[in-house]
Amino acid sequence: MIRMGTVGTNWITQQFVEALALSGRYELAGVYSRHQDTADAFAAKNQAQTSYTDYEEMLTQADLDAVYIASPNSLHFDQAMAAIAHDISIVVEKPAFSNRQEMVAVQAALAQHPDVKFFEAARHVHTPNFQALSKALLGLPTIQGAALTYMKYSSRYDLVLVGDVPNVFSRQFSAGALQDLGVYPIYLAVALFGQPEHVQYYPTLIATGADGKGLAVLRYVGFDITVSFGKTSNSYAPSEIYGLKETVSLDSAGELTHVSERDAAGNVTDLSQPALANPMLPEVTDFARVLDAPADPQNQADYRRWLQWSTTVNQVLYSLRVSANLRFPADEND
Ligand SMILES: NC(=O)c1ccc[n+]([C@@H]2O[C@H](COP(=O)([O-])OP(=O)(O)OC[C@H]3O[C@@H](n4cnc5c(N)ncnc54)[C@H](OP(=O)(O)O)[C@@H]3O)[C@@H](O)[C@H]2O)c1
């Protein structure tokens, strides 16, 4: 069993530990929270072996194989570097790091600790529906672009409207719509089509100074992808990828629960795979496979591919922000 620790006690960590339990491959060895009562409550609810309010203490005492980092984005880097220094593998919520400089430093640290693995928790690109989507695209005669959308009103925008600055709408925490929801369709574009040649971001800024929604254009050789995302309004539009007369559709570029293809004659085939018991189950199963058998050639190839996606997504997010002059305090030394 893989001994996992956690950072952060919001709903996403709860969903993650439920996925760990469902996979049958992990034990929850340590829970870290800034507050003892939160740490204890989370540990009790999920039968964790120990709880901590000192992160370093968890890293030294809990005998972890890996730690899941689901804190605000700007904190991921220091928490990841500390784990690597202790030879503990890291599963980092997306977006894993604030900018290119942090990603480069993490990769340098990984090179010094070759047994440590870094996974970015990009749940949707590990799903059977992503496989179905990739397979459908291989059958298209050409690719002429895509329109990807992921837009969900955030209850935390209610707080912005009364003058607060929640973490998710704060540049201080390397957050905003691009980082929080834009990362899903950007991940999809990178995993399916690789690194774009040129990118441009048109953000809509809100009172906190962060982007509340926005439109990004990813320019590839021969086609463009428009990416529409936001946390201040709702979209019910599907996402589409264009062949010639064929169109592949997704319910949303973030949820990826339905995939279908309309062929040249207009016939629609549902390509969706069975619903998942937990949306994070495929990724934790994939990560366990690599952690348990890192020398397996297939696992090595998959790990290298995920690392390449993560590195490219980090570059694309950063370039998009540069194109819109949208800077974070974490970029200070960049
Ligand atoms: N994969 C997905 O589908 C998905 C969905 C949502 C979020 N995310 C990602 O998950 C990460 C966390 O997002 P979130 O919305 O849950 O963030 P959040 O609510 O702002 O914070 C997450 C946790 O970090 C700790 N924390 C909060 N504020 C902090 C501060 N000022 N200093 C230190 N620790 C603090 C809290 O844990 P304690 O109080 O216990 O210390 C909190 O439970 C982000 O990277 C986000 O992009 C991913």
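Pro282, Glu283, Val284, Asp286, Phe287, Ala288 and Val290 of helix 9 are buried, meaning under 20% relative accessible area with a 1.4 Å probe on protein chains only, while exposed is over 50% and partly exposed in between. Helices here are DSSP runs of H or I with at least four residues, strands are E runs of at least two, and both are numbered from the N terminus. This is a predicted model, where local features need pLDDT of at least 70, side-chain atom pairs count only at pLDDT 80 or more, and totals for chains, interfaces and linings use all residues. Residues are numbered from 1 along each chain as its sequence is written, and side-chain values use heavy atoms, leaving out hydrogens and water.

Now to the interior. The largest nonpolar core (buried Ala, Val, Leu, Ile, Met, Phe, Trp, Tyr and Cys residues joined through side-chain atoms within 4.5 Å) has 99 residues, and Tyr55, Val67, Phe118, Leu133, Leu218 and Ile225 touch the most other members. Helix 8 (residues 177-193) gives this core its largest share, 13 residues. Both domain 1 (2-121 + 281-313) and domain 2 (127-278) contribute to this core, so it lies between them; the domain bounds come from an automatic or database assignment.

Two non-glycine residues with positive phi are worth a look:

| Residue | Phi | Loop | Relative accessibility |
|---|---|---|---|
| Asp87 | near 60° | helix 4 (73-85) to strand 5 | 48%, partly exposed |
| Ser174 | about 55° | helix 7 (155-161) to helix 8 | 0%, buried |

Finally, the peptide bond from Lys94 to Pro95 is cis, with omega near -5°. Pro95 sits in the loop between strand 5 (89-93) and helix 5 (100-112).
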